[in-house]
Amino acid sequence: MCIFCKIAAGEIPTHFLYESEKVVAFKDLNPEAPSHVLVIPREHFENAAELAAVDSATLSELFGAARTIATFLGLDGYRIVFNTGASAGQSVFHAHLHLLGGRAFAWPPG
Ligand code: AMP
C-alpha cells in the first residue's frame, strides 16, 4: 500500500482538514508556502491524468475541496498544482492536488 493510501485509510495518524467519502486533505509534510495542503482521492490512482480518465467526478471533487479549504484558511489567492509524471516533479505516485497559498508566487513556475 502506498504512503497516501495508508494516510487515507487512517493507518498513519493524520489530521484531515477536509474529508468526504471520496477525498481527504491534509497538510504537506514539507510545506512550500505558509499554507500547503494536499487533497487526494481515497482510492489509488497513479496521477491526476489517470484519475481524470477513470473518475472525473472525483477529480472535480478535489477542486471543490480545495475551494472549501482555501475559504476556510482565508486565502485571498492561491495556486493549485498537479505534478504529473517524474519529469514534472511528481514524487508520490498517488494522485494529489497541491493547494498553496499565503505568499506571492512567481510565473512561470520553475
Ligand atoms: P509531488 O512531488 O507532487 O509528488 O508531491 C508530493 C508531496 O507529498 C510533497 O510535497 C511531499 O512533501 C509530500 N509528502 C510526502 N510524504 C508525505 C506525508 N507522509 N505526509 C504529508 N505530505 C507528504
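**Reading His96 and the ligand site**

Reader: Which atoms make the link between His94 and His96 a polar contact?

Author: In this predicted model, the backbone oxygen of His94 and a polar atom of the His96 side chain are 2.7 Å apart. A polar contact requires a pair of N or O atoms within 3.5 Å, and 2.7 Å satisfies that limit. The side chains of His96 and His98 are also joined by a polar contact, of 3.5 Å.

Reader: Why is His96 called buried?

Author: The term buried applies under 20% relative accessible area. His96 has 7% relative accessibility, and therefore counts as buried. Its place is in the loop between strand E4 (78-81) and strand E5 (97-101).

Reader: What makes Asp28 a polar contact of the ligand?

Author: A polar side-chain atom of Asp28 lies 2.5 Å from an oxygen atom of the ligand, and the cut-off is 3.5 Å. Polar backbone atoms also take part: one of Gly89 is 2.9 Å from a ligand oxygen, and one of Val92 is 2.9 Å from a ligand oxygen. The protein covers 83% of the 500 Å² of accessible area that the ligand has on its own.

Reader: Where does the ligand sit, and which residues come nearest?

Author: The ligand sits in the largest pocket. Of the 16 residues around the ligand, Asp28, Asn83, Gly89, Ser91 and His98 come nearest.

Reader: What makes up the shell around the ligand?

Author: The shell divides into 7 nonpolar, 7 polar and 2 charged residues. Helix H1 (3-8) and strand E2 (23-27) each supply at least two residues, and the largest share, 3 residues, comes from H1.

Notes
Residues numbered from 1 in each chain as written. Predicted model: local features only at pLDDT ≥ 70, side-chain atom pairs only at ≥ 80, totals over all residues. Heavy atoms only, no water. Near = heavy atom within 4 Å. Polar contact = N/O pair within 3.5 Å; in protein donor to acceptor, adjacent residues only side chain to side chain. Areas by Shrake-Rupley, 256 points an atom, 1.4 Å probe, with all protein chains shown as cover. 1 Å grid on protein atoms, 1.4 Å probe; cavity = no way out; pocket = protein on both sides within 12 Å on 5 of 7 lines; lining within 4 Å. Sits in = over half its atoms within 2 Å of the grid points. Helix = DSSP H or I, 4+ residues; strand = E, 2+ residues; numbered from the N terminus. Nonpolar A, V, L, I, M, F, W, Y, C, P; charged D, E, K, R; others polar. Buried < 20%, exposed > 50% of the residue type's maximum accessible area, 1.4 Å probe, protein only.
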